[in-house]
Amino acid sequence: ALYAPALFLAGLPYAQHLSALSLTLMAWLALPTLAPERDEAPRPLRLILLGLCLGAGCLVRPSMLSLVPVFGLWLLIRLYTLRDRPGRGPLFMGGILLFVTAAAVIIPAQVHNHRLGAGMVISTNNERNFFLGNNPYTPDYKTSHLGQRTIDQLPPETAQYLQSFYRQPDARSAMTREALRFIRENPLRTLVRTWNRGLSFWGFDYLGARLIQEHYRLGKRGLFGLLAVEAGSYLTVVTLALLSLFALRRRLAFTGAALLLSLTLGYQLPYLLAFSGGTYHYPVLPLLLPLAGGMVAALFDPAERAEALARLRQSWPGVALGLFGFAILQAQYAYHALRLAA
């Protein structure tokens, strides 16, 4: 209810929605098995279902393959904590079945692409994404810009450069080679872009507001109202989640919160390599909603509210630094979005 883009984008057939569903189910299945609050026996069936969700998520958005090492690491940690205990064997078998199940979902799509001459890949668009985020014409901050514009919306020189690769017989390989060449020859600029990609991933949502404005021709005033709701709801959710880390730190289950945050960062990792923007954080927001919801619950309970506010006052330097950094990030994101607006 707090995150308005969940409503604004509900009628659009984007991969974000299924990605969010897959990621939320994965977290729900992983928490009691890989990061349990109490010492309970592992349930291999949960890991098999987790593998099913992981495989489905990778078919929807192949960047989710970055979660494979995240789950592998958590399995190793959990196996270590269960050393010399009866539950270690079922957990080990469940971990193997997790990855086998995920592979069983993914491989048929790879075989299909291979039969059509595209190679054993899940997606045939990754090379283009990598190229669009790593070439001389990519904006250093809004690295998603070239991917969000059609050829006719770009300057002639940029359009000619991109089409010179699109028209090659081995276009995918050519785009990969060009992106790698640019990275090798411009390591510092690539480092700056990578840092900026990490920041812009957490920029405020505005896609839904823009699409609704364009469809109903609402003008700038209509856009402002929609943006206030969409961007404002995102800022509210993340602010509440940040505050909860300080106000509720003694009540948070450390391993559970660490699992959610590791899945969030693991999902973000591929966007540091290609291009990034605020709309891409949509699937990870459900992982932060429990933290935001915990803060809301504390504020509405008189006894908990007093304790939560007291902890915020005690931690005010960290709270102020976190909120100030988040505000600066949003201001920078807004500046570059307006600068490159059509």
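Is Arg 181 buried, partly exposed or exposed? Select Arg 181 and colour by accessibility: at 25% relative accessibility, Arg 181 counts as partly exposed. Keep in mind along the way that this is a predicted model.

**Stop 1: helix 8 and its charged pair**

Stay with Arg 181 and add Glu 178 to the selection. The two side chains form a salt bridge, with the closest N and O atoms 2.8 Å apart. Both residues sit in helix 8, which covers residues 171–185. They are three residues apart, about one turn of the helix. An α-helix has 3.6 residues a turn, so residues three or four places apart point the same way. Glu 178 itself counts as buried because its relative accessibility is 11%, under the 20% cut-off.

Now pick Arg 177 and Asp 170. This is another salt bridge, and here the closest N and O atoms are 3.2 Å apart. Arg 177 is partly exposed, with a relative accessible area of 45%. Asp 170 is partly exposed too, at 33%.

**Stop 2: a bridge between distant parts of the chain**

How many salt bridges does a search of the whole structure find? The search finds eight. For the next one, select Arg 193 and Asp 140, whose side chains meet at 2.8 Å, N to O. This pair links distant parts of the chain, since its members are 53 residues apart. Arg 193 belongs to helix 9 (residues 187–200), while Asp 140 lies in the loop between helix 6 (126–132) and helix 7 (156–166).

Switch on a surface and compare the two ends. Arg 193 is buried, with a relative accessible area of 0%. Asp 140, on the other hand, is partly exposed at 29%. Add Arg 189 to the view as well: Asp 140, Arg 189 and Arg 193 are linked in a network of salt bridges. As general background, side chains of opposite charge can pair when their charged atoms come close.

**Stop 3: the end of helix 9**

Follow helix 9 along to Ser 200. Ser 200 is buried, with a relative accessible area of 1%. For a distance check, draw a line from its C-alpha atom to that of Ser 173: the two are 27 residues apart along the chain and separated by 28 Å.

**Stop 4: helix 5 from end to end**

Select residues 88–115, which make up helix 5. Put a distance label on its end C-alpha atoms and you should read 41 Å. At 1.5 Å a residue, the 28 residues of this helix should span 40 Å, so the two values agree.

Where does helix 5 kink? Centre on Ile 106, where there is a kink of about 30°, shortly before the proline Pro 108. Ile 106 is also one of the buried residues of helix 5, which include Leu 91, Gly 94, Gly 95, Leu 98 and Thr 101. Further along, Gln 110 and Asn 113 are among the buried residues as well.

Next, highlight Phe 92, Met 93, Ile 96, Leu 97 and Val 100. Together these residues form a nonpolar patch on the surface, with about 440 Å² of accessible area. Zoom in on Val 100, which counts as partly exposed because its relative accessibility is 49%. From Val 100, jump to Gly 55: the two are 45 residues apart in sequence and 9.6 Å apart in space, C-alpha to C-alpha.

**Stop 5: two cysteines**

From Gly 55, move on to the cysteines Cys 53 and Cys 58. How many disulfides does the structure hold? The count is zero. Cys 53 is in no disulfide, and the nearest cysteine sulfur, that of Cys 58, is 11 Å away. Seen from Cys 58, the closest cysteine sulfur is in Cys 53, and that 11 Å is too far for a bond; a disulfide needs sulfur atoms within 2.5 Å. Cys 53 counts as buried at 14% relative accessibility, and Cys 58 is buried at 0%.

**Stop 6: an unusual backbone angle**

Finish at Arg 217, in the loop between helix 10 (207–216) and helix 11 (219–247). Check its backbone torsions: phi is near 50°, a positive value in a residue other than glycine. Most residues other than glycine have a negative phi. With 77% relative accessibility, Arg 217 counts as exposed.

Definitions and conventions:
Residues are numbered from 1 along each chain as its sequence is written. This is a predicted model: local features need pLDDT of at least 70, side-chain atom pairs count only at pLDDT 80 or more; totals for chains, interfaces and linings use all residues. Side-chain values use heavy atoms; hydrogens and water are left out. Patches are made of residues with over 30% relative accessible area and no salt bridge: like charges are joined within 9 Å, nonpolar side chains (Val, Leu, Ile, Met, Phe, Trp, Tyr) within 5 Å. Accessible areas come from the Shrake-Rupley method with a 1.4 Å probe; for residues, only the protein chains shown count as cover. A salt bridge is a side-chain nitrogen of Lys or Arg within 4 Å of a carboxyl oxygen of Asp or Glu. Helices (H or I, at least four residues) and strands (E, at least two) are DSSP runs, numbered from the N terminus. Buried means under 20% relative accessible area, exposed over 50%, partly exposed in between (1.4 Å probe, protein chains only). The expected span of a helix is 1.5 Å times one less than its number of residues. The bend at a residue is the angle between axes fitted to the seven residues ending there and the seven starting there.
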